[in-house]
Amino acid sequence: METIEQNLANWRTSLMEIIPIGGLISRNATAYKWKAPFRCWMLRELTFWRLTDLLTQSCVLYRQGHGLGARILLRSGFETLAILLYLNQILEQVLEGNLDFHMFSRKTSILLLGSRDGSTEHNALNIVTILNKCDKRYPGLVELYGNLSESAHPNYEGMAAGYSTANNDEYETRFANRWMDIHGERHLNVMRLCMETFHREYDDVWPNLMEKLESWIATHDAHLEATKNDPLPNGA
């Protein structure tokens, strides 16, 4: 637990407080005349801020013995992790020639500005759909998320298993808050897995992909300019 809390403390001191537009233009003026690379920076840092916040609160609740709340926050943490994983996947697809850049740009808009309440013009992607795509890179991710979701919902685990035990010999049911007994020991391992995966994708995978994308845009800029007003395929 102490190691996780120390890592989260290190994360909090590493959070980016500003994205300097001038610095990005100096980095690669051709690449950053396009909006998609900037959105990639935004998404990377927003996922870092959100995941740090969620896991910090999950730790606090765990320390206080509030197993259900800690588990629900961890579930949201995996949803946030999935956004960065998916972003890195579509970055790779552009570089491999499997995704049109303008389609990619639209996807970054949806990831950044998608909503379910109509507050933006973009409809948010279904997080389960994103998780299913991410499961191809990290097999077992969907199953893990499903287990966390069972706790979050008022299903068997979220109700009967979480708050009661049956004594068949005595023909009685006893009520108690059982979340720490059921999941307390494993919770920290799952949290550690979430953090390690995010660390790899944030520190290693994303920077490498972004450098390649910047160079790719500079190389293909003329083609991108010529096709920027072409209609996107249906369903984009």
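**Group meeting: core, rings and salt bridges**

Phe104 is buried, with a relative accessible area of 0%. I start there, and I should say at once that this is a predicted model. Confidence first. The mean pLDDT of the chain is 95. Of its residues, 99% reach 70 or more. The lowest confidence is in strand S3, residues 164-167, with a mean of 91. The highest is in helix H4, residues 67-95, at 98.

Back to Phe104. What is its ring partner? Phe104 forms an aromatic pair with Phe101. The ring centres are 6.0 Å apart, the planes are at 45°, and the pair is tilted. Both residues lie in helix H5, residues 101-113. They are 3 residues apart, about one turn of the helix. Phe101 is buried too, at 3% relative accessible area.

Now look around Phe101. Leaving out residues up to four places away in sequence, Phe101 touches Trp34, Ala36, Val94, Trp216, Ile217 and Leu224.

That takes us to the core. In soluble globular proteins, nonpolar side chains tend to be buried together. Here the largest nonpolar core has 59 residues. Which residues have the most contacts inside it? They are Leu55, Phe78, Leu91, Phe101 and Phe104. So our starting pair, Phe101 and Phe104, is on that list. Several elements give two or more residues to this core: H1, H3, H4, H5, helix H6 (127-134), helix H7 (141-152) and helix H9 (179-227). H9 gives the most, with 15 residues.

Stay on H9 for a moment. Leu209 is in helix H9. Is Leu209 buried or exposed? Leu209 is buried, because its relative accessible area is 7% and the cut-off for buried is under 20%. Beyond its neighbours within four places in sequence, Leu209 is in contact with Asn88, Leu91, Glu92 and Leu95. Take Leu91. Leu91 and Leu209 are 118 residues apart along the chain, yet their C-alpha atoms are separated by 6.7 Å.

Next, the rings. The whole structure has 10 aromatic pairs. Take Trp11 and Phe48. Why is this pair called edge-to-face? The centres are 5.5 Å apart and the planes are at 75°. Planes over 60 degrees apart count as edge-to-face, so this pair qualifies. The two rings come from distant parts of the chain. Trp11 is in helix H1, residues 2-14, and Phe48 is in helix H3, residues 35-63. They are 37 residues apart. Both are buried: Trp11 has a relative accessible area of 10%, and Phe48 has 4%.

Trp11 and Phe48 belong to one aromatic cluster with Phe198 and Tyr202. Tyr202 also has a charged neighbour. Arg44 lies over the face of Tyr202, at 3.6 Å from the ring centre.

On to charges. Side chains of opposite charge can pair when their charged atoms come close. How many salt bridges does a search of the whole structure find? The count is 12. I will show a few.

Start with Arg63 and Glu2. Their side chains meet in a salt bridge, 3.6 Å from N to O. Arg63 lies in helix H3 and Glu2 in helix H1, so the pair ties together parts 61 residues apart in sequence. Arg63 is partly exposed, at 49% relative accessible area. Glu2 is exposed, at 55%.

Now Arg137. It sits in the loop between H6 and H7. Which side chains does Arg137 meet in salt bridges? One is Glu92, at 3.3 Å, N to O. Glu92 lies in helix H4, so this pair ties together parts that are 45 residues apart in sequence. The other is Glu201, at 3.8 Å, N to O. Glu201 is in helix H9, 64 residues from Arg137.

Compare burial at this site. Glu92 is partly exposed, at 25% relative accessible area. Arg137 is partly exposed, at 24%. Glu201 is buried, at 0%. Remember Glu92 from earlier: it is also among the contacts of Leu209.

One last item. Lys33, Asp221, Glu225 and Lys228 are linked in a network of salt bridges.

To recap: Phe101 and Phe104 are among the residues with the most contacts in the core. H9 gives that core the most residues. Arg137 bridges to Glu92 and to Glu201.

Terms used. Residues are numbered from 1 along each chain as its sequence is written. This is a predicted model: local features need pLDDT of at least 70, side-chain atom pairs count only at pLDDT 80 or more; totals for chains, interfaces and linings use all residues. Side-chain values use heavy atoms; hydrogens and water are left out. pLDDT is the predictor's confidence in each residue, from 0 to 100. Helices (H or I, at least four residues) and strands (E, at least two) are DSSP runs, numbered from the N terminus. Rings of Phe, Tyr and Trp (its six-membered ring) pair if their centres lie within 6.5 Å; planes under 30 degrees apart count as stacked, over 60 as edge-to-face and the rest as tilted. Buried means under 20% relative accessible area, exposed over 50%, partly exposed in between (1.4 Å probe, protein chains only). A charge sits over a ring if NZ of Lys or CZ of Arg is within 6 Å of the ring centre and within 35 degrees of the ring normal. A nonpolar core is a set of buried Ala, Val, Leu, Ile, Met, Phe, Trp, Tyr and Cys residues joined through side-chain atoms within 4.5 Å. Contact means heavy atoms within 4.5 Å. A salt bridge is a side-chain nitrogen of Lys or Arg within 4 Å of a carboxyl oxygen of Asp or Glu.
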